[in-house]
Amino acid sequence: MIEHPNFTITGSPAPLILTAVHDGSAVRKELNDRFALSAQGRLYEEDPHTATWAQLREPYIIGLRSRFEVDLNRSRERAVYLKPEDAWGLTVWRDALDQEMIDRSLTGYDAFYAEVEKFLQSVVDRYGSFVVYDIHSYNHRREDNDCRPADPEANPVVNVGTGNMNREKWAPVVDTFLNTMRGHTVAGQPLDVRENVKFAGGHFNLWIHDRFPDVSCVLSVEFKKVFMDEHTNEVDATVLKQLQDALASTFEPVLAAREEISV
C-alpha cells in the first residue's frame with residue numbers, strides 16, 4: 001500500500017485497477033482562509049462516495065484531496081484553479097494564492113503521477129496489459145434549472161468515456177462493460193448506460209493511454225448523482241448499492257474480454 005497525504009494506492013498489481021481521483025474533500029490548513037467558496041460549495045463539484053465503488057476490488061487508487069486544492073484529472077498547468085474560468089465560473093479564492101502555495105499543491109500532483117506510473121508499469125511487467133475504471137460522478141440538478149433533473153436524453157445514468165483509445169482494438173472490453181451494465185435494473189428502471197454522451201474522459205484517461213499505448217484501456221465511468229441528493233449529500237443507500245452491484249458484475253467478464261486481446 002502506498003499512503004500519501006494526497007492519495008492512496010491499495011493492493012497488489014493486477015490487470016483491473018479501480019480509481020476515484022475526485023472522491024477527496026480535504027484541503028491543506030493554509031488554504032482554508034483563502035477560500036471564497038464554502039466547503040458545501042466545493043463538495044457539490046466533488047465526487048463524494050465514488051471511493052465506495054473503487055474499493056469494491058483491489059487494487060484501487062483514491063484521491064484524498066479536494067479538486068479545489070489540486071485537480072488530479074487536469075493537466076499540470078491547469079491542476080490548480082486560479083481564475084473563475086478554471087472552475088466553471090466559480091470564484092474559488094478570496095485572496096490570490098502565492099506561488100509557494102501553488103507549488104506545494106503541485107508537489108502532491110507530481111507525486112501522484114509518479115507513483116501511479118510506477119504502479120501501472122509494474123502491472124504491465126507482470127500481466128502485459130491492464131484495464132482501468134476511472135470512476136467519477138456528475139451533477140444533474142443544477143440551481144440554474146431550479147434543481148430539476150436535467151434532460152435524461154443528454155444525461156445518461158452511466159456515461160462511459162472512451163476517448164483517446166484504439167476503440168476497435170479494445171472493443172471486446174468496452175462492449176462487454178457496456179452490455180453487462182445494461183443488464184441491470186436500478187430504481188426499477190433498466191440502467192441507462194451510454195458511451196461518450198456527456199464526457200469522453202479527462203486528463204487522467206488521456207495520460208494513461210499516452211504513457212501506456214497499446215497496453216492500456218481506460219473506461220472513464222461517470223455516474224449521474226441519482227444515488228444522492230447533490231445539494232445536501234444525503235445518500236440513497238438502495239440505489240447506491242444497486243449501482244455498485246452493477247459495476248461489480250462487470251469485473252470478471254471484462255477481465256475475460258481483456259484476455260482475448262493481443263498486445
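Colleague: How far apart are the mean positions of the positive and negative charges of the protein?

Modeller: They are 1 Å apart. The protein has 28 positive and 42 negative charges. Bear in mind that this is a predicted model.

Colleague: What does the secondary structure of the protein come to?

Modeller: Eight helices and ten strands. The radius of gyration is 18 Å, close to the 18 Å that the globule rule gives for 263 residues, so the protein is as compact as a globular protein of that length. Along the principal axes, the C-alpha atoms fill a box of roughly 55 × 45 × 30 Å.

Colleague: How much of the protein counts as buried, and what does it expose?

Modeller: Of the 263 residues, 52% count as buried. The exposed area is about 11600 Å². Carbon and sulfur atoms supply 47% of that area.

Colleague: Among contacts between residues at least 6 apart in sequence, what share joins residues at least 24 apart?

Modeller: The share is 81%. Let us turn to single residues.

Colleague: Where does Ile 61 lie, and is Ile 61 buried or exposed?

Modeller: Ile 61 is in strand E4, residues 60–63. Buried means under 20% relative accessible area. Ile 61 has 0% relative accessibility, so it counts as buried.

Colleague: Which residues is Ile 61 in contact with, leaving aside neighbours within four places in sequence?

Modeller: Thr 8, Ile 9, Ile 17, Leu 18, Thr 19, Ala 20, Phe 112 and Val 116. Arg 211 is 150 residues from Ile 61 along the chain, and their C-alpha atoms are separated by 17 Å.

Colleague: What about Val 132: which strand holds it, and what is it in contact with?

Modeller: Val 132 lies in strand E5. At 1% relative accessibility, Val 132 counts as buried. Beyond its neighbours within four places in sequence, Val 132 is in contact with Ile 17, Thr 19, Ile 208, Cys 217, Val 218 and Leu 219. The C-alpha atoms of Val 132 and Val 215 are separated by 11 Å, with their positions 83 residues apart along the chain.

Colleague: Is Asp 33 buried or exposed, and where does it lie?

Modeller: Asp 33 counts as exposed, at 64% relative accessibility. Its place is the loop between helix H1 (29–32) and helix H2 (39–45). From Asp 33 to Asp 95 is 62 residues in sequence, but 8.7 Å in space, C-alpha to C-alpha.

Colleague: How is a pair of aromatic rings described?

Modeller: By the distance of the centres and the angle of the planes. The structure holds 17 aromatic pairs. Take Phe 112 and Phe 204: their ring centres are 5.6 Å apart and their planes are at 50°, so the pair is tilted.

Colleague: Why does this pair tie together parts that are 92 residues apart in sequence?

Modeller: Because Phe 112 lies in helix H4 (residues 99–127) and Phe 204 in helix H6 (residues 203–211). Both residues are buried.

Colleague: What are the values for Tyr 133 and Phe 251?

Modeller: Their ring centres are 6.0 Å apart, with planes at 45°, so this pair is tilted. Tyr 133 is in strand E5 (residues 130–138) and Phe 251 in helix H8 (residues 251–259). The two are 118 residues apart, so the pair links distant parts of the chain. Tyr 133 is buried, with a relative accessible area of 0%. Phe 251 counts as buried at 6%.

Colleague: Which residues form one aromatic cluster?

Modeller: Phe 7, Tyr 109, Phe 112, Tyr 113, Phe 204 and Trp 207.

Colleague: What sign of phi do most residues other than glycine have, and what form do most peptide bonds take?

Modeller: Most such residues have a negative phi, and most peptide bonds are trans. Now for some local cases. Phi of Trp 88 is near 55°, a positive value. Trp 88 sits in the loop between E4 and H4, and counts as partly exposed at 43% relative accessibility. Phi of Asn 196 is also positive, near 60°. Asn 196 is in the loop between strand E9 (193–195) and H6, and at 35% relative accessibility it counts as partly exposed.

Colleague: Which residues does a cis peptide bond join?

Modeller: Glu 58 and Pro 59, with omega about 0°. Pro 59 is found in the loop between helix H3 (50–54) and E4.

Conventions: Residues are numbered from 1 along each chain as its sequence is written. This is a predicted model: local features need pLDDT of at least 70, side-chain atom pairs count only at pLDDT 80 or more; totals for chains, interfaces and linings use all residues. Side-chain values use heavy atoms; hydrogens and water are left out. Helices (H or I, at least four residues) and strands (E, at least two) are DSSP runs, numbered from the N terminus. The radius of gyration is taken over C-alpha atoms; the globule rule is 2.2 Å times the number of residues to the power 0.38. Buried means under 20% relative accessible area, exposed over 50%, partly exposed in between (1.4 Å probe, protein chains only). Contact means heavy atoms within 4.5 Å. Accessible areas come from the Shrake-Rupley method with a 1.4 Å probe; for residues, only the protein chains shown count as cover. Lys and Arg count as positive and Asp and Glu as negative; His and the chain ends are not counted. The place of a charge is taken as NZ of Lys, CZ of Arg, CG of Asp or CD of Glu. Rings of Phe, Tyr and Trp (its six-membered ring) pair if their centres lie within 6.5 Å; planes under 30 degrees apart count as stacked, over 60 as edge-to-face and the rest as tilted.
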